[in-house]
Amino acid sequence: MNWMISANGKMYDYASSFATFGFIDWRQRANYSVGDVVFIYCTKPIKRVMYKCEIVECDKSFNECVDDSKFWLDVEEYRKSQHGKYARLKLVEQVDSPYLGLQYLLDNGLKAAPQG
């Protein structure tokens, strides 16, 4: 299955996390399966899909996740994120294309900007 999720660069430095680890342990809010593809939409000011990832692990606890605390820009959100399940998103491809920008996506069938 394919998914699209949004990433707020004011809360978490996902670009540096991907550059360091090659993956992100992401709070799991959907019923992902290993092998699913996840596209990450970067919110303002970028407003475009920039990452294609593959789910390589699901249903992880916070204690099973890599220590990525240095990438959290919003400490309160980091504290709130320490509960629940996580999925490991392995970076497959990073892209920067105007065809993945919000306006182009809206003009071609997306109903609204991806939300959390």
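Exposed means over 50% relative accessible area, buried under 20%, and partly exposed in between. The model shown in these close-ups is predicted.

**View 1. A salt bridge joins arginine 48 and aspartate 96.** The two side chains meet at 2.9 Å, N to O. Aspartate 96 has 57% relative accessibility, so aspartate 96 counts as exposed. Arginine 48, at 22%, is partly exposed. Arginine 48 belongs to strand β4, while aspartate 96 sits in the loop between β5 and α3 (102–107); the pair therefore ties together parts 48 residues apart in sequence. The structure holds seven salt bridges.

**View 2. Glutamate 57 and arginine 88 form a salt bridge.** Their side chains come to 3.4 Å, N to O. The pair links distant parts of the chain, with glutamate 57 in strand β4 and arginine 88 in strand β5, 31 residues apart. Glutamate 57 is partly exposed at 31% relative accessibility. Arginine 88 is buried, with a relative accessible area of 15%.

**View 3. Lysine 60 is a buried residue of strand β4.** Its relative accessibility is 6%. The side chain of lysine 60 makes a polar contact with that of glutamate 57, at 3.2 Å. A polar atom of the lysine 60 side chain also lies 3.2 Å from the backbone oxygen of glutamate 64. Leaving aside residues up to four places away in sequence, lysine 60 touches Asp25, Cys65, Gly84, Lys85, Tyr86 and Arg88. Arginine 27 is 33 residues from lysine 60 in sequence, and their C-alpha atoms are 9.2 Å apart.

**View 4. Helix α2 (residues 75–80) carries a salt bridge between glutamate 77 and lysine 80.** The N to O distance is 2.9 Å. Three residues separate the partners, about one turn of the helix. Glutamate 77 is partly exposed at 23% relative accessibility. Lysine 80 is partly exposed at 45%. Elsewhere, salt bridges that share partners join Asp25, Glu57, Lys60 and Arg88 into one network.

**View 5. Helix α1 (residues 14–21) has buried residues Tyr14, Ser17 and Phe18.** Seen down the axis of α1, the buried residues fall within an arc of 100 degrees, so they line one face of the helix. Their cover includes β1 (2–7), β2 (23–27), β3, β4 and β5 (86–94). Glycine 22 follows α1 and has a positive phi, near 85 degrees.

**View 6. The loop between β3 (37–42) and β4 (48–60) contains a cis proline.** The peptide bond from lysine 44 to proline 45 is cis, with omega near 5 degrees. Lysine 47 is in this loop too. Its phi is positive, about 55 degrees, although lysine 47 is not a glycine. Lysine 47 is partly exposed, with a relative accessible area of 36%. In strand β4, aspartate 59 also has a positive phi, near 55 degrees. Aspartate 59 counts as partly exposed at 48% relative accessibility. Most residues other than glycine have a negative phi, and most peptide bonds are trans.

**View 7. The count of disulfides is zero.** Cysteine 53 is in no disulfide; the nearest cysteine sulfur, that of cysteine 42, is 9.8 Å away. Cysteine 53 is buried at 0% relative accessibility. Cysteine 58 is in no disulfide either, and its nearest cysteine sulfur, that of cysteine 65, is 12 Å away. Cysteine 58 is buried, with a relative accessible area of 19%.

How values were computed
Residues numbered from 1 in each chain as written. Predicted model: local features only at pLDDT ≥ 70, side-chain atom pairs only at ≥ 80, totals over all residues. Heavy atoms only, no water. Helix = DSSP H or I, 4+ residues; strand = E, 2+ residues; numbered from the N terminus. Buried < 20%, exposed > 50% of the residue type's maximum accessible area, 1.4 Å probe, protein only. Arc of directions from axis to C-beta. Contact = heavy atoms within 4.5 Å. Disulfide = S-S within 2.5 Å. Polar contact = N/O pair within 3.5 Å; in protein donor to acceptor, adjacent residues only side chain to side chain. Salt bridge = Lys/Arg side-chain N within 4 Å of Asp/Glu carboxyl O.
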